[in-house]
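Please look through the sequence and the model below. Questions and answers follow.

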Amino acid sequence: MSLGISEAFDLRPDYIISVIKDTRAKLVGFQFPEGLKRKGPELAKKVEKATGAEIIISGDPCFGACDLDRTLLDHVDILFHFGHAELEDIRLSNKVYFIETRSSVDVLHVIEKAVPELKGQKIGLITTVQHVHKLPDVCGVLERMGKTCVIGRGDSRIAYAGQVLGCNFSAARDEDCDEYLYIGSGDFHPLGVALSTKKRVLAADPFSGEVREVDPSRILRQRSAVIAKSLDAQVFGIIVSSKNGQKRMELASSLKELAKKHGKESHLILIDLVTPDQLLQFKVDAFVNTACPRLAIDEVGRFPAPMLTPQEFEIVLGEREWEKLVLDEITEEPV
């Protein structure tokens, strides 16, 4: 299936125009994730023509609702953040409007294709915010085909039942299901669910029409290699994000204390955008990431020293068993 971004996702231009007119905003910010940035100029042109407001588009990377552009927010009357649902614990300002960019793509064709591949009776449904409004329809298909639907609510960081984030799989930790069906593109979310729940996860991509069983073995091999390279490390750099939705200073401080308990040297490093280049000058044996959990996974092998998650750091120090390795999450409770 081939759909343009503007056709596949609802950027809600009429709503944006209405908000600008109602608030009488003169200077307006747009913040997009990478996949939607190219639609910024087109949308800005339409909105400026309809409202007379001036639009400033954020050019910085955006990794989620946890990553509001605070610099841009300080310069505009209101800010529209695209592609994510609001996180309850980072409501910085009533100046911010979240445009969830719901998908209009038909998901039922790929669900019908996926049903014969399901092995269990009780199926847990999970997806991203773009498709979460389609879950009732998906349930209807599954139930007509003799399956039982389970949609977990998740913790307070989750806006909608059945929604998973790249840093939070709490909606999938429902023990009353046999396996999970993920609706969406990409591997990270369903892999996280597979590692978090230890259950089979089938991924159904409504854009490509592909149905596949998620195999976390490659990620586990990569993470095991990172842990093995860090076993002899003596000096650790503990990364702390300055982004509001990612800042886990308390966790970082506890990891520093844990390192001290085991006779290891460690240093807290506060940083906004964590990249391999930004860390080149830090001469440590290994890093421990408490910022966005995806960093250690997506950028594996690119950092100047091994990058551990907090749980992997515990394994290195002997505080956690290898068999209890899970992906790091930002949740209500420690994982």
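Two strands pair if DSSP finds at least two bridges between them. Strands (E, at least two residues) and helices (H or I, at least four) are DSSP runs, numbered from the N terminus. This is a predicted model: local features need pLDDT of at least 70, side-chain atom pairs count only at pLDDT 80 or more, and totals for chains, interfaces and linings use all residues. Residues are numbered from 1 along each chain as its sequence is written, and side-chain values use heavy atoms, with hydrogens and water left out.

Q: How many bridges join strand 5 to strand 7?
A: Strand 7 covers residues 179–183. Strands 5 and 7 run parallel. Within strand 7, Tyr180 is the bridge partner of Gly124. The number of bridges joining the two strands is 5.

Q: In what order do the strands of the mixed open sheet lie?
A: Strand 6 (148–150) and strand 9 (211–213) are the edge strands, each pairing on one side only. The sheet is open, has 5 strands and shows mixed pairing. Its order is 6-5-7-8-9.

Q: By what angle are neighbouring strands of the sheet 6-5-7-8-9 turned against each other on average?
A: Axes are lines fitted to C-alpha atoms, for helices over the stretch in contact, and angles run from 0 to 180 degrees between N-to-C directions. For this average, direction is ignored. The value is 30°.

Q: At about what angle does helix 6 run to strand 5?
A: Helix 6 spans residues 135–144. It lies across strand 5, strand 6 and strand 7. Its angle to strand 5 is about 155°.

Q: Is Leu125 buried or exposed?
A: Leu125 lies in strand 5, residues 122–127. Buried means under 20% relative accessible area, exposed over 50%, and partly exposed in between (1.4 Å probe, protein chains only). Leu125 has 0% relative accessibility, so it counts as buried.

Q: Which residues does Leu125 contact, leaving aside neighbours within four places in sequence?
A: Contact means heavy atoms within 4.5 Å. The partners of Leu125 include Leu135, Val138, Cys139 and Leu142. Also among them are Cys149, Val150, Ile151, Gly162, Leu181 and Ile183.

Q: How many disulfides are counted?
A: A disulfide is a pair of cysteine sulfur atoms within 2.5 Å. Cys177 is in none, as the nearest cysteine sulfur, that of Cys149, is 11 Å away. Cys177 is buried at 5% relative accessibility, and Cys139 is buried at 11%. The disulfide count is 0.

Q: Which strands stand at the edges of the parallel open sheet 11-10-12-13?
A: This sheet has 4 strands. Each edge strand has a single partner strand, so one side of each is left without a neighbour in the sheet. The edges are strand 11 (265–271) and strand 13 (307–308).

Q: Which residue in strand 11 stands opposite Phe236?
A: Strand 10 and strand 11 pair in the parallel sense over 7 bridges. Helix 9 packs on the sheet, touching strand 10, strand 11 and strand 12 (286–289). The direction of helix 9 makes about 165° with that of strand 11. The residue opposite Phe236 is Ser266.

Q: What is the relative accessible area of Gln246?
A: Gln246 is found in the loop between strand 10 (235–241) and helix 9 (249–261). Not counting residues up to four places away in sequence, Gln246 touches Cys66, Ser241, Thr290, Ala291, Cys292 and Ile330. Gln246 is buried, and its relative accessible area is 4%.

Q: Why is the pair of Phe9 and Phe207 called tilted?
A: Rings of Phe, Tyr and Trp (its six-membered ring) pair if their centres lie within 6.5 Å; planes under 30 degrees apart count as stacked, over 60 as edge-to-face and the rest as tilted. The centres of Phe9 and Phe207 are 5.8 Å apart. Both residues are buried, and they are 198 residues apart along the chain. The pair is tilted because the planes stand at 45°.

Q: What is the angle between the planes of Phe30 and Phe32?
A: The two ring centres are 5.9 Å apart. Phe30 is buried at 0% relative accessible area, and Phe32 is buried at 1%. Both belong to one aromatic cluster with Phe80, Phe82 and Tyr97. The pair is edge-to-face, with a plane angle of 90°.

Q: Over which ring does the charged end of Arg294 sit?
A: A charge sits over a ring if NZ of Lys or CZ of Arg is within 6 Å of the ring centre and within 35 degrees of the ring normal. The charged end of Arg102 sits over the ring of Tyr160, 4.9 Å from its centre. For Arg294 the distance to the ring centre is 4.2 Å, and the ring is that of Phe188.
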